[in-house]
Amino acid sequence: MANFYSILLTLVTIAAGLVWLYDAKFKKPTRLTRIAEEEQRLQQQLDDEARERLAPQGRVAEFAQSVFPILFVILIVRSFFYEPFRIPSASMMPTMLAGDFILVQKYSYSIRDPLFRTELFATGTPERGEIAVFKYPVNPQVDFIKRIIGTPGDRIIYRNKTLYLEPACVEQSAECPQLQVIERDVRPQDEVYFSRSTPLVRYREQIGTVEHDILIDPTIAPRTAYFYQQAGTAPDEWIVPEGHYFFMGDNRDNSEDSRYWGFVPQDNLVGRATFIWMSFEMNRDASSWLPQWVPTAVRWNRLGSVE
């Protein structure tokens, strides 16, 4: 459940705050009164240790008072600023690898409440080429991460593993953009990526203002028969509806994306991926006595901003 931790963190923070508030409003005055009466009887001021012995704060209230400020700060940062995500698959290779841990900028596109994800106000517009996390339209309980290829009104064709893009015509524009081939150049590979035992071909392409690398599997035929069929278009063609976006993975032949299940509503957007803050290798042999989830190494060279 993608939103489980947000809901849990919110509820725990509220519970801790209510316990602290109840103690401060109803219990603390009683404790202070008892201390004041004892000091008046003794005609001297008690130190902190003596006050605690005379009128101790309950353990639950003390714990709530200690953790609430921390939880509140974490909740605010995680809900409205940055949230960590782990890359679980190879669909975004070579840009992101399984085992990368990224920071997602939550305020890139809008500010939403952490429980119901209701938009409070918009903060930005998604741009072609950006990598974004979103709620999987088929199952919104699951988070996906892909690259934005098409914005509302764009016409997209993916034919014979070649990407074509016709940007939406802007109102009052003198001339509408024409359908263009997204050019790509073969990249020299200092590191070879594989799909099972097949080496993948690495290309450099540009979407919008963003240059990035993609991978193509030369052994896999185009999967046009499995593409999402939009009414009124060719089997390998899509026109992005208003309020929706078209996403693709950089590992083009190993990515379940908009080509297969359609468009992402704007309400499903979570935020823009901005930074890889940790990256683990998970190449542990099955015969190892350690669990498979224990990392085998840290990929320090991968830390940094993403494109």
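Colleague: Which residue in β8 is the bridge partner of arginine 159?

Modeller: In this predicted model, the partner of arginine 159 in β8 is threonine 162. The bridge belongs to the antiparallel pairing of β7 (residues 155-159) with β8 (residues 162-166), which extends over five bridges.

Colleague: What makes β7 and β8 count as paired strands?

Modeller: Pairing requires at least two bridges between two strands, and β7 and β8 have five, so the criterion is met. Both strands belong to an open sheet of four strands in the order β9-β8-β7-β15, where the pairing is antiparallel.

Colleague: Why are β9 and β15 said to stand at the edges?

Modeller: Each of the two, β9 (180-181) and β15 (237-239), has a single partner strand, so one side of each is left without a neighbour in the sheet.

Colleague: How do you know that β10 and β13 pair, and in which sense do they run?

Modeller: Three bridges join β10 to β13 (residues 201-207), and the two strands run antiparallel; since at least two bridges are required, they count as a pair. One of the partnerships links valine 186 with tyrosine 203 in β13, and tyrosine 203 in turn has isoleucine 214 as its bridge partner in β14. The order of this open sheet of three strands is β10-β13-β14, with β10 (184-186) and β14 (210-216) as the edge strands, each pairing on one side only.

Colleague: What joins β13 to β14?

Modeller: The two form a hairpin with two residues between them, and in the turn glycine 208 has a positive phi of about 65 degrees. Their antiparallel pairing runs over seven bridges.

Colleague: Why is β14 called largely enclosed by the rest of the structure?

Modeller: Buried means under 20% relative accessible area, and six of the seven residues of β14 are buried, so the strand is largely enclosed.

Colleague: Why is α1 called oblique to α3?

Modeller: The axes of α1 (residues 4-42) and α3 (residues 59-80) come within 8 Å and cross at roughly 140 degrees. Roughly antiparallel would require an angle over 145 degrees, and roughly perpendicular covers 65 to 115, so α1 is oblique to α3. The crossing is left-handed.

Colleague: Which kinds of residue make up the contact of α1 with α3?

Modeller: The contact residues divide into 16 nonpolar, five polar and two charged. Among them are Leu9, Val12 and Trp20 in α1, and Phe68, Leu71 and Arg78 in α3.

Note on methods. Residues are numbered from 1 along each chain as its sequence is written. This is a predicted model: local features need pLDDT of at least 70, side-chain atom pairs count only at pLDDT 80 or more; totals for chains, interfaces and linings use all residues. Side-chain values use heavy atoms; hydrogens and water are left out. Axes are lines fitted to C-alpha atoms, for helices over the stretch in contact, and angles run from 0 to 180 degrees between N-to-C directions. Angles under 35 degrees count as roughly parallel, over 145 as roughly antiparallel, 65 to 115 as roughly perpendicular and the rest as oblique. A crossing is left-handed if the near helix is turned anticlockwise from the far one by less than a right angle, and right-handed if clockwise. Contact means heavy atoms within 4.5 Å. Ala, Val, Leu, Ile, Met, Phe, Trp, Tyr, Cys and Pro count as nonpolar, Asp, Glu, Lys and Arg as charged, and the others, Gly among them, as polar. Buried means under 20% relative accessible area, exposed over 50%, partly exposed in between (1.4 Å probe, protein chains only).
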